[in-house]
Amino acid sequence: MSAPAVDWELAARLAPRLVRPGPVAVWSDRVQLVDSLRCAARTALPHAARVTGLEQPEAPQTLVVDRAGWARANVRALGGVIGDQGRGAGTGAAMELAAGLGLLSGSVLGQVEPWGAGRPRLLLVAPNVLATERSLSVPAEDFRLWVALHEQTHVLQFAAASWLAGHLAERVAALWADQPRPTPGAVLAGARQAARSGDWTPLDLLDERQRAEVDRIGAVMALLEGHADVAMDAVGPSVIPSVRQLRRRFGRRRAAAARATGLRRVLRAVLGVDVKLAQYTDGATFVRAVRRRVGRDGLNAVWSAPELMPGPAELADPASWVRRVHG
């Protein structure tokens, strides 16, 4: 059975309605937050280029959005990658997609959209940045620049590897096209197992070939996220005075999220959030190990061609990637 068609127009209407309210802030603070995030995005790009050694491209279009805007943008981006199925098709799939994006909308700080004509788009989710910096009790301007550095590193990655966006789009579209639609009973059973033991993920609903494809996509995503995590710290305290404090507190926040129980554990399992967090750690470990062996420029060979991306086994064994690529 192939994956269900999606009514993208319906999903775009529903997803913004399912987001949770953001943190309370007076109007003047909201205006200052938006201006500050735009400034951080401008400031971050040259710093990210300096620490990564990647050529600085034209600045992306920067949009500071709320949670509803992020959800709406992601429906449109997914529709562009997977394919437009037309009005009236796949109502159930549209509702499922909207519900998932609604749940995720409260946790995403920023995102780069590399697809489409022209410059990539950088989305910074203002209410989530505000909520996170408040919960961490960190300097607001430092945190906003730190987040922008991570996202602008993604801009550099896609600029250095002009083939990368198309490569990922093809892989995701192929996976979606071949993926059987799990029954509600299967998802519910998996969620119950996640609540009991925490050892279930949506990958358990896929067959062997699909899991292998997800592993290949995951290795690429781990590289992208880990590389950006390393870059956002590499600017040092001369650019972000509290950078070490930010990493410590943000790291504790990630660790606490990974220990979630009850309903939070169920939602994290169903949405695959723990897989995403593992990508940051695994990717950063790979990047640091490769840079120790062959330096920053040696690592940057990875952006040259699809076949130079690490596979799942190489991600866990950086030395094997170095041997294959650099001899």
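**Notebook: a three-stranded sheet and its surroundings**

I looked up the sheet and found that 3 strands form an open arrangement with mixed pairing, in the order β1-β3-β2. I then noted that β1 (61-65) and β2 (110-113) are the edge strands; each has a single partner strand, so one side of each lacks a neighbour in the sheet. On average, neighbouring strands are turned by 20 degrees against each other, direction ignored. I record here that the model is a predicted one.

Next, I examined the pairing of β2. I recalled that strands of a sheet pair through backbone hydrogen bonds, either parallel or antiparallel. For β2 and β3 (residues 121-125), I found the antiparallel sense, over 4 bridges. Within this pair, Gln-111 has Leu-123 in β3 as its bridge partner, and Glu-113 stands opposite Arg-121 in β3.

I then looked for helices on the sheet. Helix α5 (residues 126-136) packs on it and touches β1 and β3; the direction of α5 makes about 45 degrees with that of β3. Helix α6 (residues 140-160) also packs on the sheet, where it touches β2 and β3. The direction of α6 makes about 15 degrees with that of β2.

I asked which residues lie on each face of β2. In a regular strand the side chains alternate between the two faces of the sheet. I found Gly-110 and Val-112 on one side, with Gln-111 and Glu-113 on the other. All four are buried, and both faces of β2 are thus covered.

Finally, I turned to helix α14 (residues 318-326). Its buried residues include Pro-318, Ala-319, Ser-320, Trp-321 and Val-322. Gly-327 follows α14 and has a positive phi, near 80 degrees.

Notes: Residues numbered from 1 in each chain as written. Predicted model: local features only at pLDDT ≥ 70, side-chain atom pairs only at ≥ 80, totals over all residues. Heavy atoms only, no water. Buried < 20%, exposed > 50% of the residue type's maximum accessible area, 1.4 Å probe, protein only. Helix = DSSP H or I, 4+ residues; strand = E, 2+ residues; numbered from the N terminus. Pairing = 2+ DSSP bridges. Axes fitted to C-alpha atoms, helices over the stretch in contact; angles between N-to-C directions. Contact = heavy atoms within 4.5 Å.
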